[in-house]
Structures are given as structure tokens and as C-alpha cells.
Amino acid sequence: MSTPGKIHVGGQDLELPVIEGTEGEKAVDISALRGTTKYITLDQGYGNTGSCTSKITFIDGEKGILHYRGYSIEELCEKATFVEVCYLLIHDKLPTQAELDEFNELLDKYSLVHEAMLHLINHFPYDAHPMNVMGCLVQALSSFYPGVDAKSKTEHINLTAARLIAKTRAFAALAYRKSKGFPLVYPNKGEDYGSNFLRMMFDTPVKHYEPDPDMVKAMNILLILHADHEQNCSTSTVRLVGSSHANLYASVASGIAALWGPLHGGANQSVMEMLQNIKDKGLGIEQVINKAKDKDDPFRLMGFGHRVYKNFDPRARIIKDLCRKILLKNANSDPLLDLAIELEDKVLADDYFIERKLYPNVDFYSGLLYRAMGFPVNMFTPIFTVGRMPGWIAHWKEMVSEPGGKIGRPRQIYTGYTNRSYPDISERK
Ligand code: CMC
């Protein structure tokens, strides 16, 4: 039993309940604060604010721990498939063989893309960013398959979850193929999700693509590592949009928009662009590090730092090893990988980064791995999207299934003009 938090604010003493999570995390519940004192809390960037309680994902940023539904990310990467992890996140249990077979059947069935959606894709400019195409197509699903919202039955939500996980893969592959002018490839029935994704990306009528087992394994691990990350920017967006009772498709489409930003999922593309720029311009590593430390320069080292991880990002560690393995297997060396390793070594020895606990995050090495697997740079964030889809769905489902859910609506402290009188247009300057 936790001791209540006592605060003295606005001349009043207030006892606030403390909520404790199953892993020992503690929060002061301030629900009564404004009603009693007229004060609100101000927490720009929400670094100290819990927006909900959740049973899906646990992160200990100091120890570098990441668990989905109680299972460690390391064990899931070693033993599970991405589809099992999707099921785990959405259903709160690992599937039995029969449940897994049924789920896989749904993923095959729902991979079909409505022909009218192909017309939508064809009207994008050929060089449209795949994230934009995906966001638009996922949003459009609300019109093609209407009716899944906060009041929907669980079975309907579960079917929609399968539809979204199947269609997101198809949309990502389609967006890429459209940019190349290649025809659409459908998955092979009964083949695993990762192999099919690689085939849907790379197979052509004139060059058959046979997925390599190591590439399939890497794809599986990459998708698992991205599957959920509790209340990050895109997941919080999905929850906020969903809290207005927007339908599931509209809610996750808003997540795609948030993920695209370079401070979030778009960082994997930015890391590669940064490394390429360093190489092309022959910049020295010291010079780049100094630029990142200069407070008058907006430049940041992409792929470093994290709001929650203050020791290491366990996802980055797994991806770094995998990246080396895939490059070794292909007997390739990548000058950008050598550059990345040199940059990491120097950053980890630099006081600025040590003091601020800035370590490589998941995006630092994921781009190099995608590149080693043959993905073009603009597909990096779309792959992140395919991986994150089950997490967004699980959070939306958890939120709408909770009794007494409230619309998300933060407050603000107004700092603008007060009481101005309206001037005639002839008097305005
Ligand atoms: N390069 C240089 N300085 C940095 C960096 C960086 N990458 N990240 C943080 N800092 C500094 C920052 O300037 C600040 O310094 P000071 O205390 O002197 O003002 C201090 O470290 C704390 O930074 P912050 O911006 O308050 O930290 P945050 O928790 O608000 O931001 C972050 C987290 C991930 C947005 C930020 O570290 C960043 O911009 N990193 C680069 C972009 C990136 O790699 N994003 C991917 C994140 S992981 C995957 C995902 O979320 O999708």
C-alpha cells in the first residue's frame, strides 16, 4: 500500500492517492487537483505525465528492459513470430496452434486490396512518399469497411485488427511497387507473414524472388522489435484520436502521421541521410559531434537519445548484432556501417552525451539493416509502420474497452494578450 502524496498548493493542503503498477512504478493521481484548487499541472512534452494505465507494454528505461504482455523482447525475438506477437498484443495471450492457424487464415484473406483502392494509389505522384500513401489508404479503409468504433463488439474489433495487419503490409509493398511502376504482388497463401512481405516487395514477373531464411528471420525480428512501445508519440496520438470515439482506421491513420516525423519513426530515414551526408561531404566525426553539441545549431545526431531509455535501448542492441550478421552473410561491407560504429564509439565517450544519457536508439541501426536487406531509404518508416500496427490496435482496443473512458483533452496556461479592443481596419498598422 503506497502512502498518498501530500501537496500544498494555492493555500490548500491536498492528499492525492498514489497509484502503483505491477512493476512498482508509482504515480500521483492528480484527478482531484483542479476541482479542489483551481491549479493544473504544466508538463510540456508530457515527460512526467501518465496519460493512462495499461496492461500491454512495460519499459524500464534505466535498466533497458522492454516487455510485451510480460514477455521479454529478447525472448520474443528468439522464439516467436511477428504474427504470434500481434496476437499476443491484441488478445493479451499467446495463441494456441488452432488460434494461430485461424489468425493466419484471416491475414491471407484480408490481404486482398479492393480494386477501387488501386485507383487511389494510381493518382498519387510517382515519387510520393510511401508514408503518405499508406496513411491515406489506411484512412480510406473507414469508407471501404465502415463501422468499427468504440461501441463495436470485440469480435468485430478483432477481425478489423486482422484486416489492418494484413492490409498495412499490402499497402507498404504497394506504395513501393507503385514508385517503381511494378505490378501488385499478392501473398502466397499459407506462407509466413515476413516471407510474404519480402516477396510482395521484391518479386517481379521477370525476376522471381525467393526469400532467404536469414532475411525472413531478420524481417521477423525487426517487426517484433517495433510492435509496441507503450505511450510514445504515435500511440498517444492513436489513443487521443480514438478517445473522441473516432473509428479504428481513422485512429491508426493518425498514428501513421505522427510516426512519420523525424523525431519519431522517421528518424531511421534521417539517420541514413545523415550518415550519407557525412560520407559524401567527407565530414570529420568530431566536426559532426561538435555541431550536435552546439546549442546555436538546431542539428541533432539522429538515432541518439530517447525520452525513456537512459541507459541503452534494448532494441538497438539486438538490431546492431543482426545488422553485422546479415552483412557478414552477404559478404558485404557497408561504409555507412563503419561510419555508424565510429560515430557511436566517439559519442559514447563524449561527456556531453554521457551527462545527458544519450545512447543509440532503435533507429540508429535499423536503417543500416533495412539497407542490407535491400530496402530503399523511403521504405524504412513504412516498415516501422507495419511493425507498429498491432501495438496501435492493442492500445485502441484497451482504451475503448475500459469503462468510463474520457475524451483526451489537456488544458493549457494562456500566455497571450488580454482584453484588446477591436480596431477599425483604417486604424490598423
Ligand atoms: N543530439 C544532440 N543532443 C541531443 C540529442 C541528439 N540526438 N537528443 C537530445 N539531446 C540533448 C538536448 O539538446 C538536451 O540538451 P540540454 O539538456 O542541454 O538542453 C538534452 O539532450 C535532452 O534532450 P530532450 O530534447 O529534452 O530529450 P527528449 O526526451 O525531449 O527527446 C528525442 C528525445 C528522441 C526526441 C531526442 O533525443 C532526439 O531528438 N533524438 C534524435 C531523433 C531520434 O533519434 N529519434 C528517434 C527516437 S527512438 C524511436 C522512436 O521514438 O520512434
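# A walk through the model, stop by stop

Start by selecting residues 5–9 and 12–16: these are strands β1 and β2, which pair in the antiparallel sense over 5 bridges. Keep in mind as you go that this is a predicted model.

**Stop one: the hairpin**

Stay with β1 and β2 for a moment. Pick Gly-5 and look across to β2, where Leu-16 stands opposite. Then click on Lys-6, whose bridge partner in β2 is Glu-15. Now follow the chain round the turn: β1 and β2 make a hairpin with 2 residues between them. One to click on there is Gly-10, which has a positive phi of about 55 degrees.

**Stop two: a sheet of three strands**

Next, bring up β5, β6 and β7. They form an open sheet in the order β5-β6-β7, and the pairing is antiparallel. The edge strands are β5 (57–60) and β7 (71–72), each pairing on one side only. Select residues 65–68 to light up β6, which pairs with β7 over 2 bridges in the antiparallel sense. To see one of the matches, show His-67 together with its bridge partner in β7, Ser-72. As for what holds such an arrangement together, strands of a sheet pair through backbone hydrogen bonds.

**Stop three: two lysines to check**

Most residues other than glycine have a negative phi. With that in mind, select Lys-38, which is not a glycine and yet has a positive phi of about 75 degrees. You'll find Lys-38 in the loop between α1 (33–37) and β5. Is Lys-38 buried or exposed? It counts as exposed because its relative accessible area is 63%, over the 50% cut-off.

Now jump along the chain to Lys-357, another residue that is not a glycine but has a positive phi, here about 55 degrees. Lys-357 sits in the loop between α16 (351–355) and α17. With 43% relative accessibility, Lys-357 counts as partly exposed.

**Stop four: the aromatic cluster**

Show the side chains of Tyr-176, Phe-197, Phe-202, Tyr-209, Tyr-370, Phe-375 and Phe-380, which form one aromatic cluster. The model has a count of 12 aromatic pairs. One of them to zoom in on is Phe-202 with Phe-375, a tilted pair at 5.2 Å centre to centre with 50 degrees between the planes. This pair links distant parts of the chain, with the two residues 173 residues apart. Phe-202 belongs to helix α8 (residues 193–202), while Phe-375 is in the loop between α17 (362–372) and α18 (380–401). Try a surface view here: Phe-202 is buried, at a relative accessible area of 17%, and Phe-375 counts as buried too, at 4%.

**Last stop: the ligand**

Finally, centre the view on the ligand. How many residues surround the ligand? There are 21, and the closest are His-264, Arg-300, Leu-301, Gly-303 and Arg-307. Colour that shell by class and you get 10 nonpolar, 6 polar and 5 charged residues.

Now look at some polar atoms around the ligand:

- Select Lys-295: a polar side-chain atom of this residue lies 2.9 Å from an oxygen atom of the ligand.
- Select Gly-265: a polar backbone atom here is 3.4 Å from an oxygen atom of the ligand.
- Select Phe-304: a polar backbone atom here is 2.9 Å from a nitrogen atom of the ligand.

To finish, switch on the ligand's surface: taken alone the ligand exposes 930 Å², and the protein buries 75% of that.

Definitions and conventions. Residues numbered from 1 in each chain as written. Predicted model: local features only at pLDDT ≥ 70, side-chain atom pairs only at ≥ 80, totals over all residues. Heavy atoms only, no water. Pairing = 2+ DSSP bridges. Helix = DSSP H or I, 4+ residues; strand = E, 2+ residues; numbered from the N terminus. Near = heavy atom within 4 Å. Polar contact = N/O pair within 3.5 Å; in protein donor to acceptor, adjacent residues only side chain to side chain. Areas by Shrake-Rupley, 256 points an atom, 1.4 Å probe, with all protein chains shown as cover. Nonpolar A, V, L, I, M, F, W, Y, C, P; charged D, E, K, R; others polar. Phe/Tyr/Trp six-rings, centres within 6.5 Å; stacked < 30°, edge-to-face > 60°. Buried < 20%, exposed > 50% of the residue type's maximum accessible area, 1.4 Å probe, protein only.
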